[in-house]
Amino acid sequence: MRYILAFLFKLVMTTVILGITLGMIFNISFGNLVITSLILTAVGFAGDMLILPRIGNVAAAVGDFALAYIIIWGIGSFLYDSLLSVDASALIAAFLITIGELFYHRYLRNFVFDNVDKPQNHLHHENLQIEAGEEFHDKKDKNE
């Protein structure tokens, strides 16, 4: 259930950001916004589930920026009938989605993923022991 909620949270966040940037500013139709949002959310969610626990929040957000830009630009090249540049709209939307993703990744790490940011082995610092020994001396020093 937590994965479904996380997917829905990402879908709503992406749709709102695309609605503001592409819909209100660049006058893209709602149908095209929904198609873009569904594709971007599905691909991004799969990436978040596989990559985020391994590489961290900032690196995953950089990847999300590239992914959002490429997907919005690619879909926009085919679907959007805007007189404005698809490049500019994709860049603005990708930037705002990346800011949202930073908070979304924190949500995933706190409420969805298990054992993230926890030691992966059973060796904890309180179980460590220090071995002490004598220093090595040169044989000359002992014989003199």
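**Helix packing in a predicted model**

Asn57, Ala60, Ala61, Asp64, Phe65, Ala68, Tyr69, Ile72, Trp73, Gly76 and Ser77 of α3 touch Val86, Asp87, Ala90, Leu91, Ala93, Ala94, Phe95, Ile97, Thr98, Glu101, Leu102 and His105 of α4. Sorted by class, the residues in this contact of α3 with α4 come out as 15 nonpolar, 5 polar and 3 charged. The model is a predicted one, and here the α3 and α4 axes sit 8 Å apart at an angle of about 145 degrees. As for handedness, α3 goes past α4 in a right-handed crossing.

Helix α4 itself, residues 86–112, isn't quite straight: there's a kink of about 25 degrees centred on Glu101. Glu101 also turns up among the α4 residues that meet α3. End to end, the C-alpha atoms of this 27-residue helix are only 34 Å apart, whereas a straight helix at 1.5 Å a residue would reach 39 Å.

Moving back along the chain, α3 (residues 57–79) also packs on α2 (residues 30–55), with axes 10 Å apart and an angle of about 155 degrees. Angles over 145 degrees count as roughly antiparallel, so α2 is roughly antiparallel to α3. Again the crossing of α2 past α3 is right-handed. On the α2 side, the contact takes in Asn32, Ile35, Thr36, Ile39, Leu40, Val43, Gly44, Asp48, Leu52 and Ile55, and these meet Asn57, Ala59, Ala60, Asp64, Leu67, Ala68, Ile71, Ile72, Ile75 and Leu79 of α3. That contact of α2 with α3 is made up of 14 nonpolar, 4 polar and 2 charged residues. Some α3 residues do double duty: Asn57, Ala60, Asp64, Ala68 and Ile72 are among those that meet α2 and among those that meet α4.

Then there's α1 (residues 2–25), whose axis comes within 9 Å of that of α2, the two crossing at roughly 135 degrees. At that angle α1 is oblique to α2, and the crossing is right-handed. From α1, the residues involved include Tyr3, Phe7, Lys10, Leu11, Leu18 and Leu22, while those from α2 include Leu33, Leu38, Phe45, Asp48 and Met49. The contact of α1 with α2 splits into 12 nonpolar, 8 polar and 2 charged residues. Within α2, Thr36, Leu40, Gly44 and Asp48 are among the residues that meet α1, and they also feature in the contact with α3.

Definitions and conventions:
Residues numbered from 1 in each chain as written. Predicted model: local features only at pLDDT ≥ 70, side-chain atom pairs only at ≥ 80, totals over all residues. Heavy atoms only, no water. Helix = DSSP H or I, 4+ residues; strand = E, 2+ residues; numbered from the N terminus. Expected span 1.5 Å × (residues − 1). Bend = angle between axes of the 7 residues up to and from the residue. Axes fitted to C-alpha atoms, helices over the stretch in contact; angles between N-to-C directions. Parallel < 35°, antiparallel > 145°, perpendicular 65-115°, else oblique. Left-handed = near helix turned anticlockwise from the far one by under 90°. Contact = heavy atoms within 4.5 Å. Nonpolar A, V, L, I, M, F, W, Y, C, P; charged D, E, K, R; others polar.
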